[in-house]
Amino acid sequence: MPSLSSLVLLCTSALLPFTYGYSTISDNTLNSLPGPGSDFDIHTGALLSPILVPRVSGTSGSLAVLQHFVDFFHNTLPEWTLEFQNSSSTTPTSGGKKIPFVNLIATRDPPGTQPGEVGHLTLVAHYDSKYTPKDFIGATDSAAPCAMLMHVARSIDAALTKKWEAMTTDGLGELEEQKGVQILLLDGEESFLSWTDTDSLYGARALAESWEHAVNPAMSTYRTPLSSISLFLLLDLLGAARPTVPSYFKTTHWSYKYMSALEARLRALGRFKSSPNHPSKLARRAAKAKAKGDKKAIKTRKEPAFLLDFNKQDSQFSPWTGIQDDHLPFMARGVEVLHIIPSPFPTVWHEMEDDGEHLDLDTVEDWATLVTAFAAEWMELEGFFDVEKAEREAGGESEDYEKGRRRTTSKTEL
Ligand SMILES: *[C@@H]1O[C@H](CO)[C@@H](O)[C@H](O)[C@H]1NC(C)=O
Ligand SMILES: [Zn+2]
């Protein structure tokens, strides 16, 4: 294993608390968000395929997947700080032996900031797989969400660098709110025998407790690493086709609405690959109709929505804490949670069929794009993406609609 970058707590001057900003990004920027290419290929994809193995906590599969994450950040995203948070516990199936649980925390904060002064958009998924059935893969649960988060980190990294360079040059750094991004890849979410308060959420429980007691320097804006989480955005059970994700919590419904609005815009821009109205699908239907000599215009189909609760009203939320998942130990300590988990669960849930072959890769990619767009808005990255580079790359794509779409977009924006 690589060495642990330890968090050095330094003395820091107190700054005033900041309110959170959030700003929408343009169509041009949405169109320029990078896709994953073949990185989600289930056999050879650089991000996803190494995670599609059994990775029960405390096994060599788990260590190999952890190493995959570490290598990815070291090699591709060297500006991110990596930390482990380790714990151990017996489980109902460990015969009295203690099983190690290792959470990986990858953080990117603005340069020159002090611990305790940066609020985090905290993106979360669990990487362990279930102990039973034997050789269970857990592609939606949660290999694909882990790969999505890697893609998100990679997709916003250069824009973060640019933004923070601009802030430093303009001398605006001190005046702006300080926010960073953090990715938690959690261990031990699954139960070993059957779900109870003690046989589940091993990693999340240990991390929430540890962060509650790790106090930042005196006078810090955020008292603990836990209170520096501005939003705990948890992805789980994603990657099956046609998901529907309700808005679970009243206090974060505003953030759900931002993500839902982004989904609608990405669909309208033809960026959602799983959409029945994606340009490639319309073209395919048109070609079929033409082959049959059918001259009728191709009809668009009703556009679905992953996030279907945009219009949910305050009075419609119950105090229910939602589905049992890694957010619980954090929410119990006052952390704001946006839980992106479908209801109903994928039909393959906790079955052997939850493997790479049963993923819908268009849906996987769409989630990755949507969460990237959300992170870009949260981090206020409008103007810091390399739109021209995206256009040059689009020019190299074979599909004509891609070229046409991007050309139209840049024309209207000029
Ligand atoms: C935590 O566990 C990982 C993986 O086994 C190991 O590499 C790391 O050194 C451990 N860190 C600490 C602080 O014990
Ligand atoms: Zn599970």
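Good morning. I begin with the interior: the largest nonpolar core comprises 75 residues, and Ile340 and Phe374 have the most contacts inside it. Helix α3, residues 139-170, gives the most to this core, contributing 15 residues. Please keep in mind that this is a predicted model.

Let me take one of those two residues in turn. Leaving aside residues up to four places away in sequence, Ile340 touches Leu233, Leu234, Leu235, Asp236, Leu238, Val245, Met259, Leu307 and Trp367. Apart from the largest core lies another, of 21 residues, including Val124, Leu201, Phe232 and Ile341.

I turn now to the metal site. Which protein atoms are the donors of the zinc ion, ligand 2? They are an OD atom of Asp141, two OE entries from Glu190, and NE2 of His350, lying 2.0 to 2.6 Å from the ion. Along the chain, these donors follow the spacing D-x48-E-x159-H. Asp141 in helix α3 and Glu190 in the loop between β4 (179-186) and α4 (202-213) are 49 residues apart, so this pair links distant parts of the chain.

Why is the arrangement around the zinc ion (ligand 2) irregular? The four donor atoms subtend angles of 55 to 139 degrees, whereas a tetrahedral assignment would need all angles between 85 and 135 degrees. As for accessibility, Asp141 is buried, with a relative accessible area of 2%. Glu190 likewise counts as buried, at 3% relative accessibility.

The aromatic residues are my next topic. The structure holds 18 aromatic pairs. One of them is Phe101 with Tyr202, which is stacked: the separation is 4.6 Å centre to centre, with 5 degrees between the planes. Because Phe101 lies in strand β2 (residues 99-108) and Tyr202 in helix α4, the pair ties together parts that are 101 residues apart in sequence. Both Phe101 and Tyr202 are buried.

Tyr202 also pairs with Phe192. Here the ring centres are 5.7 Å apart and the planes stand at 75 degrees, so the pair is edge-to-face. Phe192 belongs to the loop between β4 and α4 and Tyr202 to helix α4, so parts ten residues apart in sequence are tied together. Phe192 is buried, as is Tyr202. In addition, Arg205 lies over the face of Tyr202, at 5.2 Å from the ring centre.

Two further items remain. Tyr22, Trp254, Tyr258, Phe374 and Trp378 form one aromatic cluster; Phe374 was named earlier for its contacts inside the largest nonpolar core. Finally, the charged end of Lys312 sits over the ring of Phe317, 4.3 Å from its centre. Thank you.

Conventions. Residues numbered from 1 in each chain as written. Chains lettered and ligands numbered in written order. Predicted model: local features only at pLDDT ≥ 70, side-chain atom pairs only at ≥ 80, totals over all residues. Heavy atoms only, no water. Core = buried A, V, L, I, M, F, W, Y, C linked by side-chain atoms within 4.5 Å. Buried < 20%, exposed > 50% of the residue type's maximum accessible area, 1.4 Å probe, protein only. Helix = DSSP H or I, 4+ residues; strand = E, 2+ residues; numbered from the N terminus. Contact = heavy atoms within 4.5 Å. Donors = N, O, S within 2.8 Å, 3.2 Å for Na, K, Ca; no water. Tetrahedral: all angles 85-135°; square planar, octahedral: opposite > 155°, others 65-115°. Phe/Tyr/Trp six-rings, centres within 6.5 Å; stacked < 30°, edge-to-face > 60°. Lys NZ or Arg CZ within 6 Å of the ring centre and 35° of its normal.
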